[in-house]
Amino acid sequence: MTMSTALLTDHYELTMLQAALRSGAAHRRAVFEVFARHLPGGRRYGVVAGVGRVLDELERFRFGDDELTFLREHKVVDEPTLAFLADYRFSGSIYGYREGDLYFPASPILVVEGTFAEAVLLETLVLSVLNHDCAIASAASRMANAAGTRPLIEMGSRRTHERAAVAAARAAYIAGFAATSNLMAGYEYGLPTAGTAAHAFTLLHDTERAAFEAQIASLGESTTLLVDTYSVAEAVATAVELAGNELGAVRIDSGDLAAAAQEVREQLDALGAFKTRILVTSDLDEYAIAALAAAPVDAYGVGTSLVTGSGVPTAALVYKMVARETASGKLEPVAKRSVGKPSRGGRKYAYRLLDDQGHFETELVTTSDVAPEGGIALLHELVRDGELVGREPLEAARERHRAVVGRLPQEALHLGRGYAAISTEFA
């Protein structure tokens, strides 16, 4: 049975609906936008991720008998509102930035057009997906840039909610991670999965040698052996003795990783295991990865920092109404005037402008639908009159991200806090 996503929302979305139905304003056309007022954590750019998951969740946004019974029994809304919800189907249109693309302050990442009643109900669901996935992808991109050509494995499942772990693995893959330890992410999204053994496997056996023998017998000589349960040097010697020069990799999960990697590389080479790779783990983030750039490390495993956004667990995105239908049937701009939280009214269009070298220079956000000369259109049709039209393979998002990062100015890749890599202009 497909689980409804309709109750993945806040109470006040439904009470607003009830009041709007009562006033007669619920069926006015409205436009909502998702954007960030700033990039949290002093990041230079954000990465769009979660759009595909939003479409999946929208497809299941239905109020069935169980959902309606819950709302009735808990007196959340009245009977006319329940009758409306029973027939709810989003019939509007949604436009958005493609997954893997970049965003900057005020970028209209998602534009939702429909009646107020249809669109307001999607606020919490949309934000919960995009705030999480964009935060993870933005952190993952920084880690991938720091790692260069060395592959990254996402392995943070045990450090977050079980479903968040799956979404995090997906977002990390878009932003450049090579694989995940999470099998559900592999099952649902086709991500490459990886993993061999933890310290418990070594401790289970009477000796480290016995553990290595069992793992090699089961998984082959190309396996990755964890070598820091006891003495790293003794473990490496035993590993090469048992697997020979075909040993795939060794993993180091503790200590001074740079020094340990150097010592292990020298030992492996002295033993003739020139092809054996070195994988390091142990609470890595983008700064630790960058610090290991000169070390003889072949791959990184990243857990806690990845699934928590490396200190920035939310993208600070908001969902605001920017236009509404007037009595004459026209759409007019509307905007908040709150101190510290203003918004810009009007349905937006977004284009990215390039400099003479083909690098991104400006994010142009405009209320005109006339494309500027040479501008790259950023908003694409995702939902047309209630029908999903914007799904794409995950590999397309991954390739897009690789391409757009390559067009950023060099300073955008600096890990230190700073301003947005390109400016946002309004017209």
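This passage looks at one helix and two threonines in a predicted model.

Helix H7 takes in 13 residues, 162–174. At 1.5 Å a residue these should span 18 Å, and the end C-alpha atoms turn out to be 19 Å apart, so the expected and computed lengths agree. Most of H7 is covered, with 11 of its 13 residues buried. The buried set starts with a run of small names, Ala164, Ala165, Val166, Ala167, Ala168 and Ala169, and carries on through Arg170, Ala171, Ala172, Tyr173 and Ile174. In an α-helix there are 3.6 residues a turn, so residues three or four places apart point the same way. After H7 comes Gly176, where phi is positive, near 120 degrees.

The two threonines both sit in loops, but their surroundings are another matter. Thr229 lies in the loop that links strand S8 (224–226) to helix H11 (232–243). With a relative accessible area of 18%, Thr229 falls under the 20% cut-off and therefore counts as buried. Leaving aside residues up to four places away in sequence, Thr229 touches His199, Thr202, Leu203 and Glu208.

Thr149 belongs to the loop between helix H6 (123–147) and strand S6 (152–154). Here the relative accessible area is 82%, which is over 50%, so Thr149 is exposed. As for placement across the fold, Thr149 and Thr314 are 165 residues apart along the chain, and their C-alpha atoms are separated by 27 Å.

Note on methods. Residues are numbered from 1 along each chain as its sequence is written. This is a predicted model: local features need pLDDT of at least 70, side-chain atom pairs count only at pLDDT 80 or more; totals for chains, interfaces and linings use all residues. Side-chain values use heavy atoms; hydrogens and water are left out. Helices (H or I, at least four residues) and strands (E, at least two) are DSSP runs, numbered from the N terminus. The expected span of a helix is 1.5 Å times one less than its number of residues. Buried means under 20% relative accessible area, exposed over 50%, partly exposed in between (1.4 Å probe, protein chains only). Contact means heavy atoms within 4.5 Å.
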